[in-house]
Structure formats: structure tokens, C-alpha cells
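Colleague: Can you take me through this model? I have some short questions.

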Amino acid sequence: MSILQSIKNAVRSRSIHVSYIDVGSCNGCDIEVLACLAPRYDIEQYGIYVHNNPREADILLVIGSVTPQWVDKLRSIWDKIPEPKAAVAIGNCPISGCVYARKGSLTTPPVKNYIPIAAEVPGCPPRPTEILSAILSVAPLIFKDYEEKQS
Amino acid sequence: MKKTVDVSIPLGPMHPCWKEPVRLKCETAGERVLHTEVELGYMKKGIERIMRGRPWQEVMFLAERVCGICSVVHNMVFIEAMEGISDIAVPPRAAYLRVVANELDRIASHLIANFSYCYTIEHETLAMYLLNTRETVLDNLERLTGSRINTAYMIPGGVRFDLLPEDAAVMLADLAKVEDELKRYVRIFETGPLIGLRSRGIGCMSRVDAIRAHTVGPTARASGVEDCDLRLRHPTYRALDFEQVTRTEGDNFARVMVRFQEVFQSIDLIRRCVDTLPAGRIRGGGLCRAGEISYSGEAPRGELTYTIKTDDFGRVVDIAIRTPSIMNIEACAHYMVADAASIADVTSTFISSDPCIACNER
Amino acid sequence: MRSIIYYVREFLRPEWLKKFFFVKTAPLVTPPYFKGYPTRTEKECTGCFTCMMICPAPEAIAVLRRKERWEPEVYPGHCIRCGLCVEACPEGVLSSGRVMEVAGRDATAFWHSYHLEVDESLCMRCGNCCVACPINRQIDPRLAGTGTSTSDDVIMRVKGGRVQILHEEKCTGCKTCETQCPSGAMRVARMVEGVQFLDGVGS
């Protein structure tokens, strides 16, 4: 029913619960995500609540290039998140491995090979303004007509 | 002999309090935590292996990305080690600008550490105040170097960009504002009764234990260890009359207060640097040559050592990085949380020792 | 009672009241002095590849030939925004934040030189390095398939059963020889030095 779907779209674009997972990064992007929570670039005013619980999350922020220990655990955490869900890659590490994509490294980027990624924010690290504008532009589109796309 | 514990609780890789994945296995008997074991390995990327055979302009960026919070000091220690191998002299203006960038990064790192501690104690108001203050500091770092984190400001022979007088004036005005705000926040932290309940007397580590466990940095200085600040041996800091900050209690409260006092000291150092900034060139040039060196510097978390061996054309043949968190985390697990009263104390003590897991397992 | 007075005093500070009623979060703009992704200016790129040589991130910048012109292309998912390519370009084709104007004001630059070395115990004299080198191909179009050459102007050639390096100064540091060497005998060292030309403009 389209009215129900439009209500769902409206609610899902305004109230998003986010959980972030660090699969082996330098912590720079992590700190920039925390800076988004700071009162200066307040991300909670848009209804985006960052806690750290995969069971209650809608969006998973993936940070870091995949280290050997996380190869199986990343997939199991992704499976724990209830539908509807999406993953957003923050920083250069999940996209391409940043400077770690050289011979002799233990990481196996990109994260796209392990879980499906819906959006990417490039940068090393991306500025909080860039993270926020990317998330805000993606928020109404990510869960739009989710049920109709599934069927 | 069979060991009996009630429950072994894992404080797992994903936890709301810590930003990096690390596992703490706590063995409990009822509510008391008897023994804690730290399990690392979730962040191992093999950075030292990637660095082999590369010239300084690529290794410098890898060294910075060992840890994103203290990235400027990794840059500085690596570059100063390369200069030590090849006997490259740094012009005095560049040395002072390096100190300015280093101290700005140190303020940012200490504010993040204290934010982390206040967030763990669930005092979210003070935590957000501190994070907001950090934004002003990062603004100034951006004005000086061009980016907030992972700045890549120092190169062998000097620094990359110069500091304009109008930017210096804005920096000093911002730092005065930061100092005023921080005085208020330190007063809130010192006099808050609930903060005191969760910090004073929790996670005590005596001076003898601190020396035996080889702790470094503010964790050691809060337990009363003297002469463990490597900035006392650096020529530029000695010219600026640097003195170490020490406290004697050795509990969570002392560690957080040591970091606050170091922030005030850093603001003072930056003011002295900017006021006595010598004129001159900012780059002295110099090619990297063959040699071996083991150089230590003072990161915000303690003593950072780079052992480098290069070949004739400046490429790194062998490198070993020893970061401060390795010692501090083990000291925390064995001495500070031994026989803690509850799991809540374990998390707050662990965060108060300022672990940086990415530094730990590059 | 004392804590109530404390709270009342905290919340009646004028700056707290002003912030409570009138503050807005910062606008989502990037300041002009932030080192963003390098963008192309109108200067003409000569295809010298210095930016590619100095770039520390793998596959971040590539200089492509499009429609009779060379154009440097930056890939955002790989570039770490260090600003080295902006500073190193001799023509000023790339620009990012304040880096170009600061480099001009301070008269700073990066000097680069390249050194070639062959490990004689690993080299199998296949000639891949000499054939793959783009400068060799430009200088001597009649370069043979095994790396021998009659010209004395090439950078290196296979002669007398070993690789002879003649003109190291012509090397542009692209490392094509190193990637094509099957045994890892050929190694190129990129040596970069940060210099400043005049005696400082700071005060």
C-alpha cells in the first residue's frame, strides 16, 4: 500500500540508528565520526543516533581495511543486524585500502567483498562536514521503498 | 590445581565505551573481578612490513597512519630519526614550528582521552564539552598545516608550510578561550561528587608497581615516577624551559588530572613558541643516507621509539616501532584492575590508562 | 541545598542562556585552507609524471592522455590528500587549498632524483627493463627485443651480457623497469628533498 510505504519512508529517513565497527583502521576516521557527534557538527539533531549495538542498528558504518581477524566476524555482525539495513563505508580504507594496499600488508581490502556497501565517503580521513553531507544526502534514499525493492 | 571462577565475562571487541576493538576477559567471583586478560590482534595490519624498501616520502605517511590520534608525533619522531641518521640540521624556525604542531596535537589527544574517560563514567555533558573544545584546537591545526588529522607537516630538513602572523594571532586568541573553558571544566571535574566516587581511589597503582611494569607517559607520571618525560631531553623543549607534570596518588583521578595539567602546560609552551619564533628559513634541505638509529620521542601516551636502518639512497631497510600503549595496557591489566570491585571499575580504569590499540598493533 | 544553588548559578549564566536560545550548529562548509582533493587549473600539463612519482598512495593519481592533451586525474577513493603532488608539479597544474600560494610565497619546492641499481646475482639478462623503459623507446625507436641498442643516449641497455646503465639522469622514476623485472634485480630509488630557495620570508 503506498500510503503505508510513504509513512515508512518518512519515518525511516528521519530516525536512523547507527552502529559503527572498526575493522582495522588508524583511528583517524573513527575520531572524525566522534567529532560529528560533538556539539559543533551535531549529528543527533537530524535524528541520527550513534550507539554501538548491532542488534538495534539500521545503518552500519564500516571503518578500516579488513584485517585477518575480522574476516569472519564482519560477516557475522552484519548478519546480526535486523532488516532493513544498509552499510556505509567511511574513509579510504574500506574502499581501497588507503596506504595499506601494498605488497606485504596483512589487510584484504575492499570491504565490498565481504558485505554489501550502499554508500561511500572517501577521504583520509573525511572531514566531519563531508561525512555529514554524505549521510544527509543518502538518508532519504537508503531505505526508500525498501519493501517494494525486496519483492 | 583447578581454578574456580564464577563467570568469565568478555568485554568484547565491540563495546560502546571503546572506539577500537580489543577484548578484555574478566574472571569474576560474584561481583569482584579477580583477574583480567587483554586480547589484542584485531587491528594488526603489518605496517612495518609494508614500510620495508620504501623511501621516506612514502614511509612518512605510513608512520603517520599507525595511529590517527597521535599522528603528528609519529611524523615527528620518524623524521627526527631520519635526520639523526643522515646528520641533517633543522633551521631554528622550523624546530619551533614543529613544537607548535606537536603541542597542538598533544592537546587534541589529551582532550580525546579525557572525553573517553568522561563518556565511560557516563558524564556525557562534560564529555561533549571537552569534545567541543577540541574542535577549536583542530581548527588551528588546520590553519597551520592544511588538514585536521594526518597532517604530514614535517619533512627531513624542516616543515612544509610557514605560519603567518595573522594566523598566529588567531591561534593565540583561540588558545586563550580554550584555557578559560578548560579551567571551568577542570573545576567541574575536581568538585563533582559522583565523578569523585568513580575516580578517586579506583585503579590505584603505586610508584613501585609503575616502575616494575615499565609504564610510560601520563600513566606513569600520575603514579609519581620522576624523569620519565622525554621532552626533557629534546633540545628545543629544553630551550623553552620544559618541566614535567607529576602527581602521586596513582588512581583514575590522578591520571585524568595529569592530562588536564599537561594541556595547560602545552598552551603555555605554544604561547612561548609563538612569541619567540625566530625568523629564517623553514627548510634546510638534505638527502637521507645510510645508517642505523634508535630514536625516542614523547607521544601523548608515553615514550615512542623508532629503530630504523636505511640504505644508501634513503630507503628503509628495517624498521621497528615501539609504541607506548604496549606497556601501559599490560600494566593496566596486571596492576590496576587486579581485584577490582566490579566490572564498571574495569572499564573506567582501562580507559583512564588511555589505550590506543591501533598504536599497539600497527 | 548547596547543589541547587550551584545548578541555578550554572544555568543563569548569560552565555549559557544565549547559547540555549540562539545557537546554531556550524554550517557544513569546508574552510578554504583545507587541503582538498587536487583539482586541475588552466595551466598546461607537460606529461612529466613528477606527481605520479612522488605520490605515496597507490593508484591515487594517473596522468592520462585525452584528446591530444595530458591531464592528471585524481581518484578520490585512493588519494590521501597530502598535497605533495600539488607542491611537486613544476607547472602548477594542480591546486588544493592554500598549498600552491603558500609554496609560491615561501619559495619551497621538492627536488627529486632517481638512482638505478641492478643486483648482479639476481639479474638474468632478459632485457625486459630496457625494453619496458618509455624513455628508452623515445630515444631509440629501433630498440631491439632483447634490450640491446646501438644508441649511446639511452638510459640503459644490455651489452656484453650485462645491463649497462648509461644515463641515470634521464630517468623519470616511473619504475616500469622494476615492475617488469621477473627476478626483482632492478631497483629504482626515488630520492626526494624538500628545499627552500631564498632566505625565509617569515617574521
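Modeller: What follows goes through confidence, chain A, the contact and the cores. This is a predicted model, in which local features need pLDDT of at least 70, side-chain atom pairs count only at pLDDT 80 or more, and totals for chains, interfaces and linings use all residues. Residues are numbered from 1 along each chain as its sequence is written, while chains are lettered from A and ligands numbered from 1 in the order in which they are written.

Colleague: What pLDDT does chain B average?

Modeller: Chain B averages 88, and 99% of its residues score at least 70. pLDDT is the predictor's confidence in each residue, from 0 to 100.

Colleague: Which elements of chain B have the lowest and highest means?

Modeller: Helix H14 (residues 357-360) of chain B has the lowest mean pLDDT, 79, and helix H4 (residues 92-120) of chain B the highest, 92. Helices (H or I, at least four residues) and strands (E, at least two) are DSSP runs, numbered from the N terminus.

Colleague: Chain A now. How many helices and strands are there?

Modeller: Chain A has 6 helices and 5 strands, in the order α-β-α-β-β-α-β-α-β-α-α from the N terminus on.

Colleague: What is the radius of gyration of chain A?

Modeller: It is 16 Å, which agrees with the value near 15 Å for a compact globule of 151 residues. That radius is taken over C-alpha atoms, and the globule rule is 2.2 Å times the number of residues to the power 0.38.

Colleague: How many residues does each side give to the contact between chains A and B?

Modeller: Chain B gives 32 residues and chain A 29. Two residues are in contact if their C-beta atoms, placed from the backbone, lie within 7 Å.

Colleague: Which element of chain B gives the most to that side?

Modeller: H5(B) does, with 4 residues.

Colleague: And the largest nonpolar core: which residues have the most contacts inside it?

Modeller: Among them are A:Leu61, A:Val62 and B:Val100, in a core of 183 residues. H4(B) gives the most to this core, with 17 residues. A nonpolar core is a set of buried Ala, Val, Leu, Ile, Met, Phe, Trp, Tyr and Cys residues joined through C-beta atoms within 7 Å; buried means that 20 or more other C-beta atoms lie within 10 Å of a residue's own.

Colleague: What does A:Val62 contact, leaving aside neighbours within four places in sequence?

Modeller: Its partners include A:Ile21, A:Val23, A:Ile90 and A:Val111.

How values were computed. A residue is buried if 20 or more other C-beta atoms lie within 10 Å of its own, exposed if 12 or fewer, and partly exposed in between; C-beta atoms are placed from the backbone.
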